[in-house]
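Here's a quick tour of how two chains meet, followed by a look at one of them by itself. Have the viewer open as you read.

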Amino acid sequence: MIEVDTLTKAFRRNGRDHVVLDAVSLRVDAGRIAGVIGPSGAGKSTLARCVNLLERPTSGRVVVGGQDLTALRDRELQAARRRIGTIFQAANLLSSRTVAGNVSLPLEIAGVPRAERRTRVAELVARVGLEDHARTHPAQLSGGQRQRVGIARALALRPDVLLSDEATSGLDPDTTRSILALLRGLRDDLGLTILLITHEMEVVRDVCDQVALLRDGRIVEQGDVGALVTDPDSALGRGLVPARPVAVAPGGGQSWRVTYTADDVDPAWIGRLEHELGTRVALLGASVEAVDGRPAGHVTVALDDPTIDLAERLRGRGLHAARLDETAADAPPAAVADLVAAPPAAGEDPGAVAATDRDPTGEPAGDPAEATDLPAAPTPTEERA
Amino acid sequence: MTLPLADATPWDEIWELLEPALGQTLQMVVISTAITGLLGLLLGVLLHTTGRDGLRPLPPVNALLGLVVGIGRSVPFIVLLAAIIPFTRLVVGTSLGTSAVIVPLVVGMTPFYARVVEQALREVPRGLVEMARAAGASRTQTVRKVVLPEAAPGLVGGLTITLVAIVGFSAMAGTVGGGGLGALAIDYGYNRYDGNVMLATVVLLVVIVQLFQLVGDLLVRRISHR
């Protein structure tokens with residue numbers, strides 16, 4: 001279990017305090033995967049570094065596994081950190097050690113005897129599918145393999161909690177998916193509690209049970225992923241299943257935007273609707289994704305007969321319909337647009353942001369097109385209609 | 001008027017001159033490098049860890065160490081050799097001879113190597129230090145298991161540079177009767193116009209430096225896995 005309680009972190013720079021995290025509260029129950037999403041400079045990395053006390057919070061508490069880390073002294077903190085596995089964006093592997101040597105490092109730090117270390121390392125290397133590379137040096141590995149080594153190392157001391165700071169950033173989509181599948185498998189097998197810091201909505205949608213949106217150091221929205229995507233008013237929910245451009249309704253038909261508001265929507269609802277109404281239902285666009293294995297998102301349809309009140313017709317079926325001219329769905333919802341752009345707040349020293357939301361690979365972290373899921377990005381959409 | 005080189009030592013007798021000098025040079029260089037390496041490493045680690053972004057920032061200590069290192073590096077070796085004679089006598093019991101040269105060589109080169117060490121440690125990515133801390137490593141463990149091994153290629157490469165510099169400075173050993181190839185070259189080659197000895201010592205010095213550099217480079221390549 002991870003509990004972050006009114007955590008505030010301010011950095012002093014040029015005689016002024018910069019509040020990077022402002023009363024952030026967050027709770028992740030045992031065995032859950034929680035995502036923290038937000039634009040660059042929102043304070044995500046600082047939050048991650050505060051959770052294992054690499055950065056000491058200015059105020060507030062961080063409780064991991066029932067232990068208040070903020071109350072611990074140096075030596076106790078070292079012991080407490082061994083129960084938190086951390087995965088980093090750059091994997092942070094020692095170039096001087098082989099894969100096995102890297103995985104062995106936390107065991108050596110904790111003083112595990114050599115024989116025990118050897119069996120545990122072999123076990124871990126196999127768990128992440130790198131048994132053929134145990135004696136390879138990191139320089140010879142691909143990005144995904146390096147991250148697997150980082151995960152094996154994070155698991156070495158059998159932690160209850162895994163902290164992942166942008167672990168899939170910079171990996172290609174296939175590799176990202178395989179890393180996320182590995183994390184989900186680990187949660188299922190070991191009952192790990194995982195806190196994922198990310199700027200990719202897809203990561204949240206694919207593995208997270210719950211998510212918090214962090215902007216300018218504050219949590220603006222949080223909740224269970226399943227509940228957020230079925231809430232037509234949730235900015236985060238719309239960000240998870242972003243609006244995409246839709247086609248024009250043929251022959252003067254009325255366009256409707258239909259949002260899935262329950263997790264038990266009949267997947268064949270369009271066919272049924274056509275049958276019941278006796279009119280053509282044209283599919284103009286769809287953003288339907290599997291969340292927790294169930295379809296969620298929204299669909300844009302057009303009905304030939306403009307007098308039909310689709311909202312009324314779909315009531316009680318877990319679907320919420322609104323006339324398209326009412327919702328102006330072509331434009332991405334405002335909150336998501338903010339999430340995408342998110343320039344540093346006025347008056348804030350950009351240097352302070354760069355220093356706190358540090359990108360260890362040295363890649364520019366500020367490029368919005370790369371750093372955030374653009375709603376209009378041509379990502380594969382699963383159509384279930 | 002040109003002086004004939006008739007008095008030059010015949011080539012077949014040169015090795016008798018070179019051999020003891022080579023032995024003295026190697027003795028000075030190897031022992032000084034070993035001690036300089038250890039002390040410089042210690043000082044360099046202290047400089048790095050007490051630095052502003054170090055594992056344990058201690059600005060006053062860091063400033064003091066920086067001052068000591070700075071002073072050590074600004075005194076010319078030939079002056080240092082004479083200036084610390086009382087200290088040399090205290091350490092090795094004499095201010096003359098080969099072992100008396102080792103003391104100023106170590107005193108003179110340790111600050112240099114300390115800076116080289118500090119530089120090499122600075123090149124270790126910060127993320128690795130963070131990783132070690134996050135894994136629950138103490139500061140000492142972080143230095144021993146992460147920072148030093150990762151900086152090893154730089155440390156060895158820097159030690160090679162230090163060693164070559166020590167070969168150079170050891171040539172001044174003659175001024176306090178320390179012997180060695182440098183002294184030989186000055187005594188015979190310069191003062192007695194013995195061109196053969198001059199040529200032979202220069203060639204031998206070049207060969208020694210090349211060999212050390214070669215071994216150093218091989219070692220660096222061996223331990224570097226970047």
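## Polar links across the interface

Let's start where the chains meet, keeping in mind that this is a predicted model. Between chain A and chain B there are 10 residue pairs in polar contact, both partners at pLDDT 80 or more. Helix H2 (74-81), strand S6 (84-87) and helix H3 (99-109) of chain A each bring at least two residues to the side that touches chain B. H3(A) has the largest share of that side, with four residues. Sorted by class, the side of chain A facing chain B comes out at 10 nonpolar, seven polar and seven charged residues.

Salt bridges turn up here too: three of them cross the interface of chain A and chain B. If you want one to zoom in on, try B:Arg139 with A:Asp74, where the closest N and O atoms sit 2.9 Å apart.

## How much gets covered

On the residue count, 24 residues of chain A are in contact with 19 of chain B. Putting the two chains together buries about 2000 Å², and carbon and sulfur atoms give 54% of that area.

## Chain B by itself

Chain B is a helices-and-no-strands affair: nine of the former, zero of the latter. Its C-alpha trace spans about 75 × 40 × 30 Å along the principal axes.

Of the 226 residues in chain B, 44% are buried. Among its contacts with a separation of 6 or more, 74% join residues 24 or more positions apart. As for the surface, chain B exposes about 11700 Å², with carbon and sulfur atoms supplying 67%.

Terms used. Residues are numbered from 1 along each chain as its sequence is written. Chains are lettered from A and ligands numbered from 1 in the order in which they are written. This is a predicted model: local features need pLDDT of at least 70, side-chain atom pairs count only at pLDDT 80 or more; totals for chains, interfaces and linings use all residues. Side-chain values use heavy atoms; hydrogens and water are left out. Contact means heavy atoms within 4.5 Å. Buried area is the accessible area (1.4 Å probe) that two parts lose on being put together, summed over both. A salt bridge is a side-chain nitrogen of Lys or Arg within 4 Å of a carboxyl oxygen of Asp or Glu. A polar contact is a pair of N or O atoms within 3.5 Å; within protein, one must be able to donate a hydrogen and the other to accept it, and residues adjacent in sequence count only if both atoms are side-chain atoms. Ala, Val, Leu, Ile, Met, Phe, Trp, Tyr, Cys and Pro count as nonpolar, Asp, Glu, Lys and Arg as charged, and the others, Gly among them, as polar. Buried means under 20% relative accessible area, exposed over 50%, partly exposed in between (1.4 Å probe, protein chains only). Accessible areas come from the Shrake-Rupley method with a 1.4 Å probe; for residues, only the protein chains shown count as cover.
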